[in-house]
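Grab a pencil and open the viewer. Below are some exercises, each followed by a solution that goes step by step.

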Amino acid sequence: MVEKIEHIGIAVKDLEQANTIYENLLGIAPYKMEKVESEGVSTSFFQTGESKIELLEATNPESAIAKFIAKKGEGVHHIAFAVKDIKAEMKRMSELGFTILNDEPKRGADNKWVCFIHPKNTKGVLVELCQEIKE
Ligand code: ZN
């Protein structure tokens, strides 16, 4: 099972501009900005209670975020659930017929192991699972 909504990911065209908007909206500054080269994204994170808001800007035109924005425009891109044991959850979900988009957990932003579940299985919502990296 999942533990909580860890964060909501929002695809944006201009991270700096979006940071200002979300700083104003939330009344707090991002606690972290991070580039994830492997995913072709720049991110920023806002702590909103026990959950977070992640803003994502594409760093290249091949990035999933660039493709998402080209197709759907800016907006909510994924919902991320925290899990204790990401491999066990990937196995559990794939046995139930969910399409896991990566075979192994990969290193995501904000010190997490992550994987994604295809939106075709989840009523159009891209789902991320994430587990804190402890080392
Ligand atoms: Zn995310």
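**Exercise 1. Work out whether G97 is buried, partly exposed or exposed, and say where in the chain it sits.**

Solution. Start with the accessibility: G97 comes out at 46% relative accessibility. Buried needs a value under 20% and exposed needs one over 50%, so G97 counts as partly exposed. Next, place G97 in the chain: it belongs to the loop between α3 (86–95) and β6 (106–108). Finally, look across to N121, which is 24 residues from G97 in sequence. In space, the C-alpha atoms of G97 and N121 are 8.1 Å apart. Keep in mind throughout that this is a predicted model.

**Exercise 2. List the secondary structure elements in order, then decide how the chain compares with a globular protein of its length.**

Solution. First, count: the chain has three helices and eight strands. Then read from the N terminus, which gives β-α-β-β-β-α-β-α-β-β-β. Now the radius of gyration: it is 14 Å, close to the 14 Å from the globule rule for 135 residues, so the chain is as compact as a globular protein of that length. Along the principal axes, the C-alpha atoms fill a box of roughly 40 × 30 × 25 Å.

Two further values fill in the picture. Buried residues make up 42% of the 135 in the chain. Of the contacts between residues at least 6 apart in sequence, 52% join residues at least 24 apart.

**Exercise 3. Find the strands that pair with β1, and give the sense of each pairing.**

Solution. Take β5 (residues 75–82) to begin with: β1 (residues 4–12) pairs with it in the antiparallel sense, over seven bridges. Within that pairing, A11 stands opposite G75, and I8 stands opposite I79.

Now turn to β4 (residues 51–58). Six bridges join β4 to β1, and here the two strands run parallel. I8 turns up again, this time with I53 of β4 as its bridge partner.

Then step outward from β5. It pairs with β8 in the parallel sense over four bridges, and A82 stands opposite C130 of β8.

**Exercise 4. Is I10 buried or exposed, and which residues is it in contact with?**

Solution. I10 lies in strand β1. Its relative accessible area is 10%, and the cut-off for buried is under 20%, so I10 is buried. Leaving out neighbours within four places in sequence, I10 is in contact with Y22, I53, E54, L55, L56, G75, V76 and H77. As for C-alpha distances, I10 and E74 are 64 residues apart along the chain but separated by 7.4 Å.

**Exercise 5. Trace the pairings of β3, and say what its two hairpins look like at the turn.**

Solution. On one side, β2 (residues 32–36) pairs with β3 in the antiparallel sense over five bridges. K32 has F45 as its bridge partner in β3. These strands form a hairpin with four residues between them, and G40 in the turn has a positive phi of about 65 degrees.

Next comes β4, which pairs with β3 in the antiparallel sense over eight bridges. T48 stands opposite S51 there. Two residues lie between the strands of this hairpin, and G49 takes a positive phi near 65 degrees.

Last, check burial: six of the eight residues of β3 (residues 41–48) are buried, so the strand is largely enclosed by the rest of the structure.

**Exercise 6. What is the sign of phi in N111 and in K123, and how exposed is each residue?**

Solution. Here's the background: most residues other than glycine have a negative phi. N111 has a positive one, near 60 degrees. It lies in the loop between β6 and β7 (112–117), and at 34% relative accessibility N111 counts as partly exposed.

K123 also has a positive phi, near 55 degrees. Look for K123 in the loop between β7 and β8 (127–132). Its relative accessibility is 81%; the cut-off for exposed is over 50%, so K123 counts as exposed.

Definitions and conventions. Residues are numbered from 1 along each chain as its sequence is written. This is a predicted model: local features need pLDDT of at least 70, side-chain atom pairs count only at pLDDT 80 or more; totals for chains, interfaces and linings use all residues. Side-chain values use heavy atoms; hydrogens and water are left out. The radius of gyration is taken over C-alpha atoms; the globule rule is 2.2 Å times the number of residues to the power 0.38. Buried means under 20% relative accessible area, exposed over 50%, partly exposed in between (1.4 Å probe, protein chains only). Contact means heavy atoms within 4.5 Å. Two strands pair if DSSP finds at least two bridges between them.
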